[in-house]
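This report turns to a single chain and asks how its strands are arranged and what surrounds its main open space. The sequence and structure are shown first.

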Amino acid sequence: MPSRWEQVVVDAEDPARLARWWAEALGYVIVNEAPDEVEIRRTPAEMPGLLFTPVTDPKKGKNRLHIDLRPDDQEAEVKRLVGMGARSVDIGQGDVPWVVLADPEGNEFCVLAGR
């Protein structure tokens, strides 16, 4: 039997703050909060989750792995996320139908056009 995907681990300078940001962005809930980690999921029983763990060094360079979001309304979602503290970033994507943003700690993610 293949492995089951349980979570993605996100290194964060402030795990609690970043977990709360992503929980609001995704409509997720905090399922575990401890001094050394915070986990969020769509529902407490639904996997995978995002697990935020502390690091002392700031992010450097482009992410090697990122999240793609597909909202119904790309323009409205980008506006909402920027209003929450995301920022537009140029990682060399050129003229593409998605928008590249970074969360408050600089982790890039894409907001795709609706289907």
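The text below takes up the annotated region, then the sheet and the helix on it, and finally the pocket.

The model is predicted. UniProt, in an unreviewed entry, places the feature "domain: VOC" at residues 4-114. Over residues 4-114 the chain is 20% helix and 32% strand, and the C-alpha atoms at the two ends of this stretch lie 28 Å apart.

**The four-stranded sheet**

Four strands make up an open sheet with mixed pairing, in which the order is S1-S4-S3-S2. Because S1 and S2 (29-34) stand at the edges and have a single partner strand each, one side of each is left without a neighbour in the sheet. Direction ignored, neighbouring strands of this sheet are turned against each other by 20° on average.

Two of the pairings, one parallel and one antiparallel, can be set side by side in a table.

| Strand pair | Sense | Bridges |
|---|---|---|
| S1 and S4 | parallel | six bridges |
| S2 and S3 | antiparallel | five bridges |

Within the parallel pair, Ala-12 stands opposite Pro-54 in S4. In the antiparallel pair, Ile-30 stands opposite Ile-40 in S3, and S2 and S3 form a hairpin that has two residues between the strands.

Helix H1 packs on this sheet, where it touches S1, S2, S3 (37-41) and S4, and the direction of H1 makes about 160° with that of S4.

**The largest pocket**

The largest pocket has a volume of about 910 Å³. It is lined by 39 residues, of which Val-8, Val-10, Leu-50, His-66 and Ile-67 are the closest to its centre. By class, the lining consists of 20 nonpolar, 14 charged and five polar residues.

Which elements supply at least two residues each to the lining of the largest pocket? They are strand S1 (7-12), helix H1 (15-26), strand S4 (49-54), strand S5 (67-69) and strand S8 (108-111). The largest share of this lining, five residues, comes from S1.

Taken together, these descriptions meet at the parallel pair: S1 and S4 are joined over six bridges, H1 touches both of these strands as it packs on the sheet, and S1, S4 and H1 each supply at least two residues of the lining of the largest pocket. S1 thus enters the picture twice, as an edge strand of the sheet with a single partner and as the source of the largest share of the pocket lining.

How values were computed. Residues are numbered from 1 along each chain as its sequence is written. This is a predicted model: local features need pLDDT of at least 70, side-chain atom pairs count only at pLDDT 80 or more; totals for chains, interfaces and linings use all residues. Side-chain values use heavy atoms; hydrogens and water are left out. On a 1 Å grid over the protein atoms alone, a cavity is a set of points where a 1.4 Å probe fits but cannot get out, and a pocket is an open set with protein on both sides within 12 Å along at least five of seven lines; lining residues have an atom within 4 Å of a point. Grid points are joined across faces, edges and corners, and a volume is the space filled by probe spheres set on the points. Ala, Val, Leu, Ile, Met, Phe, Trp, Tyr, Cys and Pro count as nonpolar, Asp, Glu, Lys and Arg as charged, and the others, Gly among them, as polar. Two strands pair if DSSP finds at least two bridges between them. Axes are lines fitted to C-alpha atoms, for helices over the stretch in contact, and angles run from 0 to 180 degrees between N-to-C directions. Contact means heavy atoms within 4.5 Å. UniProt positions are given in the numbering used here, feature names are shortened, and annotations may be inferred rather than shown by experiment.
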